[in-house]
Amino acid sequence: MAIAYPHFFVSEKVKSKILNPSLIVSPTQSPAILSQDELKKIAAYKAVEFVESGMVLGLGTGSTAKHAVDRIAELLNIGKLKSIVGIPTSSITHEQAVKLGIPLSDLNTHPIVDLAIDGADEVDPQMNLVKGRGGSLLREKMVEAASKKFIVIVDESKLVSHLGGTGLAMPVEIVPFCWEFTLKRLEMLFIEAGCVGKLRVIGESGEPCVTDNGNYIIDLYFKSDMGDLKAASDAILRLAGVVEHGMFLDMATTVIVAGKLGVSVTNNFWHVRAACNFSSWNLTPLLRRQRKWMSKS
């Protein structure tokens with residue numbers, strides 16, 4: 001469903017306060033109808049404009065992120081980028097980067113990532129994401145949670161009013177042991193939202209799809225809004241047997257959307273990423289008051 005993405009994330013009044021005008025590309029009518037893959041490429045190339053020499057980069061996985069990795073390699077080969085180190089989020093991206101000659105490392109060596117660029121399966125108005133329909137959600141979340149900045153690149157078809165709004169899967173990575181038991185428990189968590197869980201399988205073989213980490217994936221389908229996302233996230237992660245889920249909440253610092261109206265770049269300036277302890281927080285007045293109170297104790 002196409003949405004007027006320049007007005008999707010925040011109102012005009014709020015946008016004027018939180019967005020850097022220099023980063024907004026005014027929507028213009030495209031002279032030609034572009035394919036979805038061409039739109040993905042436009043978003044990916046725009047994201048790579050934020051890459052600087054000397055950066056440690058999180059290299060995303062998927063059809064949109066693939067264009068970004070290709071572009072980074074191209075700029076390295078012509079000398080416009082230098083001393084880049086990439087941390088891939090999947091074995092597929094690792095293979096792609098090796099073939100293209102991008103120097104690679106891992107989080108053990110580089111626990112702080114300067115910038116991660118990756119696609120998303122869904123983006124809601126608060127810049128929360130569903131990711132992992134390609135099966136790489138755990139490594140994607142590990143790398144992107146360690147990043148100072150996380151740029152999400154999508155075409156306009158990925159914009160939704162709420163997570164799960166496409167009616168497509170919200171993936172959960174689980175251990176293989178007693179997977180049917182875990183599936184039923186996941187369904188019961190969201191019974192009021194009409195949740196149905198399915199084990200992801202490979203084609204017509206019926207064999208379970210196995211992640212890079214040797215785990216299975218349960219795809220959850222919702223008939224209605226799952227409600228409070230943070231509460232949903234906590235409930236899923238409390239289940240023994242669950243490894244990680246595909247909701248990426250309060251993680252994106254920038255979302256780049258390409259569509260028939262042009263390119264939109266939206267920054268989440270309310271979100272502050274703390275590289276020193278590999279975590280993030282929102283500096284709300286409540287937290288400030290709590291810290292002030294604790295300093296007096």
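**Entry 1: confidence**

I began with residues 1–6, where pLDDT stays under 50 in this predicted model. For these residues I noted 22 contacts beyond four places in sequence. I then went to residues 272–294, where the pLDDT is also below 50. This stretch has 31 contacts in the model beyond near neighbours in sequence. Where pLDDT is low, the predicted coordinates should not be read in detail. I therefore list these contacts and do not interpret them. For the protein chain I looked up a mean pLDDT of 84, with 79% of its residues at 70 or more.

**Entry 2: the sheet**

I traced an open sheet of six strands in the order S2-S1-S3-S6-S14-S15, and its pairing is mixed. Which strands stand at the edges? They are S2 (85–88) and S15 (262–267); each has a single partner strand, so one side of each is left without a neighbour in the sheet. I took the turn between neighbouring strands next: on average it is 20°, direction ignored.

I checked the S2 end of the order. S1 (residues 56–59) pairs with S2 in the parallel sense, and I found four bridges between them. As a register mark I wrote down Gly58, which stands opposite Ile87 in S2.

I looked for what packs on the sheet and found helix H2 (residues 36–48). H2 touches S3 (113–118), S6 (147–155), S14 (254–259) and S15. The direction of H2 makes about 155° with that of S6. Angles over 145 degrees count as roughly antiparallel, so I put H2 and S6 in that class.

**Entry 3: the S14–S15 end**

I moved to the other end of the order. S14 and S15 form a hairpin, with two residues between the strands. Their pairing is antiparallel and runs over six bridges. The register mark here is Val257, which stands opposite Ser264 in S15. Is S15 mostly covered or exposed? I found it mostly covered, with six of its six residues buried.

**Entry 4: helix pairs**

I took H2 and H3 (residues 63–77) as a pair. Their axes come within 8 Å and cross at roughly 50°. H2 and H3 are therefore oblique to each other, and their crossing is right-handed. On the H2 side of the contact I listed Asp37, Lys40, Lys41, Ala44, Tyr45 and Val48. On the H3 side I listed Ser63, Thr64, His67, Ala68, Arg71, Ile72, Glu74 and Leu75.

I then set H3 against H4 (residues 91–100): the axes come within 10 Å and cross at roughly 20°. H3 and H4 are therefore roughly parallel to each other. This crossing of H3 and H4 is right-handed. The residues of H3 that meet H4 are Lys66, Val69, Asp70, Ala73 and Asn77. Their counterparts in H4 are Thr93, Gln96 and Leu100.

**Entry 5: positive phi outside glycine**

I looked up Ser83, which has a positive phi of about 55° although it is not a glycine. Where is the place of Ser83? I located Ser83 in the loop between H3 and S2. Ser83 is exposed, with a relative accessible area of 60%.

I also looked up Asp250, whose phi is near 55°, again a positive value in a residue other than glycine. Asp250 lies in the loop between S13 (247–248) and S14. With a relative accessible area of 24%, I entered Asp250 as partly exposed.

Terms used: Residues numbered from 1 in each chain as written. Predicted model: local features only at pLDDT ≥ 70, side-chain atom pairs only at ≥ 80, totals over all residues. Heavy atoms only, no water. Pairing = 2+ DSSP bridges. Axes fitted to C-alpha atoms, helices over the stretch in contact; angles between N-to-C directions. Contact = heavy atoms within 4.5 Å. pLDDT = per-residue confidence, 0-100. Buried < 20%, exposed > 50% of the residue type's maximum accessible area, 1.4 Å probe, protein only. Parallel < 35°, antiparallel > 145°, perpendicular 65-115°, else oblique. Left-handed = near helix turned anticlockwise from the far one by under 90°.
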